[in-house]
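Open the structure in your viewer and keep the sequence panel beside it. This tour goes from one selection to the next and says what is there.

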Amino acid sequence: MSAAPKSVPVVIEQASRQFGGFAALKGVSLTIEPGELVALLGPSGSGKTTLLRLIAGLDQADQGSILFDGVDADTLSLRDRRIGMVFQSYVLFRHMTVADNIAFGLRARPRATRPPDSEIRRRVGALLDLVQLPGLEARFPSQLSGGQRQRVALARALAIEPRVLLLDEPFGALDAKVRKDLRAWLRALHDQTGHTTLFVTHDQEEALELADRVAILNNGLLEQVGTPNAVYDHPATAFVCGFLGEANRIPVELRGGQAIFDGSPVFHAGANTSGSGALYVRPHHFHFDISGATGLNGQVETVRRHGAIQRAEVAVRGLARKLDVDILSAVAPAVGERVGLRITCGHIFAGT
Amino acid sequence: MPGFGLGFGIIVTALSLVVLIPLAALVLKAAGAGPEEIWALATSPRVLSALRISFGLALLAAAVNVVFGLIIAWVLVRYDFLGRRIIDAAVDLPFALPTAVAGIALAALYAPNGWIGALLAPLGVKVGYTPAGILMALIFIGLPFVVRTVQPVLAEMEAELEEAAALLGASRWKTITGVILPPVLPAVLTGFTLAFARAVGEYGSVIFIAGNIPMVSEIAPLLIVIRLEQFDYAGAAVIGVVMLLLSFILILGLNLLQAALRRRLGHV
């Protein structure tokens with residue numbers, strides 16, 4: 001592209017939005033650094049798309065403000081916000097060729113700032129190269145696959161040299177294989193172009209793999225913001241722990257630095273808290289151990305193939321739900337066998 | 001394709017019974033008049049004037065219906081408001097109403113002593129018993145065609161299209177003309193064609209409000225009825241055939257235009 005787009009920081013301050021009686025956002029604050037790729041992750045109804053639409057200017061916050069490079073976005077028209085938006089359903093203009101779709105934003109400019117036709121053609125070609133669809137100028141959207149359409153949509157958004165790029169579940173309508181390919185491709189593209197990018201997803205794997213930082217939303221509130229490693233390894237709340245990957249929940253009593261289940265200590269609690277709490281353990285953080293003094297005792301109910309490893313369901317007395325336990329050793333326990341489980345890593349959330 | 005023979009046979013039979021044979025009979029009846037007589041009748045000032053009124057006003061009414069039909073369809077699709085369903089149902093009333101009832105109602109409203117006509121009379125505007133009255137009646141009966149052909153196309157359109165265009169910097173005008181209208185244009189043209197075809201042949205609602213003054217507000221179908229009442233079947237058939245030819249040429253042209261439009265818009 002001709003001029004390197006100027007990426008700006010986006011600051012969201014205490015944004016709230018109500019729809020009728022339903023509070024979709026309850027005071028969310030988030031700062032996105034220039035050139036950063038941030039994932040807004042949350043289950044459906046968590047407010048992530050609402051937040052994206054506030055930033056885009058397609059909806060107004062009831063309270064709070066959004067600043068682009070220090071300027072209140074409310075004072076900017078949609079055109080002056082210079083936002084590149086990619087929708088889940090592509091939203092290409094079906095009656096236009098790929099080239100006309102991409103050129104739309106440039107041709108929509110007032111005459112004074114509109115580039116000449118030859119320059120527009122050149123830029124369309126360059127953008128098609130960038131999204132790896134060279135030579136498809138004359139096609140219509142109906143002649144493209146879903147993945148190709150979404151890349152055209154991205155090229156169209158990039159054509160206006162956006163200051164911020166917003167992606168609303170961009171890969172949601174694509175099948176798993178294409179989604180994975182596009183994920184890696186988008187990451188590489190972002191490293192190349194360096195736009196401040198915010199993308200919405202409900203797919204935690206996508207968020208963790210793609211983003212510089214992940215912001216996890218739940219019920220209109222921001223639960224945690226951090227790098228993928230930080231949010232995965234050190235979840236701030238029980239919700240984050242449960243939402244990012246699988247986790248078994250074990251209700252425990254916290255006493256003397258220990259998490260106690262069914263009268264015996266099962267995990268070192270670290271902080272000197274007391275009272276009731278919940279211990280979250282990921283399936284691969286169990287170790288089969290019959291002799292261990294700290295641990296849980298249970299009976300293997302089923303053993304199933306789970307991707308690269310096998311997984312056992314272990315019934316533990318006093319737990320309503322069976323534990324999902326990854327079998328990391330070469331020898332799998334037999335169904336019906338009584339086993340001890342040592343917890344190698346877990347997260348304790350007091351009072352939950 | 002299996003079943004083609006049977007299907008084709010049924011279509012040809014049905015089409016023959018309902019359309020082709022009656023039309024052939026019409027042409028045959030007209031031919032009974034002799035070439036000079038046909039030409040004299042078809043080019044007589046009164047017939048030419050009636051044809052001009054019928055076709056001119058039908059085209060004009062269809063054009064007006066495109067504007068209002070588009071707006072009505074847009075409002076019905078895009079906005080949710082109290083009474084939307086009632087208005088949606090009311091759009092079909094011109095379909096269901098006997099046309100004579102519509103004509104009498106319009107005449108009662110727009111006659112110089114009617115509710116609306118009385119208001120317009122002091123301004124020097126006369127609608128009832130003038131070509132303007134004919135236009136009113138033709139707009140009334142043609143409106144549902146445009147609404148009902150455009151509505152499903154608009155409903156299928158993603159609301160996000162407008163948002164995408166606005167974020168790309170398009171003005172409201174550019175969004176409407178460049179993004180929203182082009183995909184509905186083929187449907188608009190279909191609605192226009194249907195409204196026009198309906199208006200050209202309309203009789204019942206028009207005669208009550210037209211005033212039926214020869215050379216001023218007399219429509220071609222009325223001339224046919226007058227000939228029939230005088231037992232001049234050949235004359236009636238001649239005017240009928242002329243109308244048929246003109247309609248066929250116009251509708252064929254509109255259909256070709258529509259096909260070209262669809263191709264250009266990428267609906268392969």
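Where in chain A is the place of A:Asn219? Select A:Asn219: its place is in the loop between strand E9 (213-218) and strand E10 (221-226) of chain A. Before going further, note that this is a predicted model. The phi of A:Asn219 is near 50°, a positive value in a residue other than glycine. Most residues other than glycine have a negative phi.

**A second positive phi**

Next, select A:Glu161, which also is not glycine and has a positive phi, near 50°. A:Glu161 has its place in the loop between helix H5 (146-159) and strand E7 (164-168) of chain A. Is A:Glu161 buried or exposed? A:Glu161 counts as buried because its relative accessibility is 12%, and the cut-off for buried is under 20%.

**Chain A as a whole**

Now select the whole of chain A. Chain A has nine helices and 20 strands. Along its principal axes, the C-alpha trace of chain A spans about 80 × 45 × 35 Å. Of the 352 residues in chain A, 51% are buried. The area that chain A exposes is about 15,500 Å², and carbon and sulfur atoms supply 50% of that area. Colour the charged side chains: chain A has 38 positive and 36 negative ones, and the centres of the two sets lie 5 Å apart. Among contacts in chain A between residues at least 6 apart in sequence, 67% join residues at least 24 apart.

**A sheet of four strands**

Select strands E2, E1, E4 and E5 of chain A, given here in their order in an open sheet. The pairing in this sheet is antiparallel. Which are the edge strands? They are strand E2 (22-32) and strand E5 (71-72) of chain A, and each pairs on one side only. Zoom in on strand E1 (residues 10-19) and strand E4 (residues 63-68) of chain A: five bridges join these two antiparallel strands. Within this pair, A:Ile12 stands opposite A:Ile66 in E4(A).

**Two cysteines**

Select A:Cys241 and A:Cys345 together. Why is there no bond between their sulfur atoms? The sulfur of A:Cys345 is the closest cysteine sulfur to that of A:Cys241, but the distance is 8.9 Å, so the two are too far apart for a bond. The cut-off for a disulfide is within 2.5 Å. Over all chains, the structure holds zero disulfides. A:Cys241 is buried, with a relative accessible area of 0%, whereas A:Cys345 counts as partly exposed at 28% relative accessibility.

**A histidine in contact with A:Cys241**

Keep A:Cys241 selected and add A:His347, which is found in strand E20 (residues 347-350) of chain A. A:His347 counts as buried because its relative accessibility is 13%. Leaving aside neighbours within four places in sequence, A:His347 is in contact with A:Cys241 and also with A:Tyr232, A:Asp233, A:Pro235, A:Ala278, A:Leu279 and A:Tyr280.

**A helix in chain B**

For the last stop, move to chain B and select helix H9 (residues 160-167). How many of the eight residues of this helix are buried? Seven are, so helix H9 of chain B is largely enclosed by the rest of the structure. The buried residues of H9(B) are B:Leu161, B:Glu162, B:Glu163, B:Ala164, B:Ala165, B:Ala166 and B:Leu167. Just after H9(B), select B:Gly169, where phi is positive, at about 100°.

Definitions and conventions. Residues numbered from 1 in each chain as written. Chains lettered and ligands numbered in written order. Predicted model: local features only at pLDDT ≥ 70, side-chain atom pairs only at ≥ 80, totals over all residues. Heavy atoms only, no water. Buried < 20%, exposed > 50% of the residue type's maximum accessible area, 1.4 Å probe, protein only. Contact = heavy atoms within 4.5 Å. Areas by Shrake-Rupley, 256 points an atom, 1.4 Å probe, with all protein chains shown as cover. Lys, Arg positive; Asp, Glu negative; His and termini not counted. Charge placed at Lys NZ, Arg CZ, Asp CG, Glu CD. Pairing = 2+ DSSP bridges.
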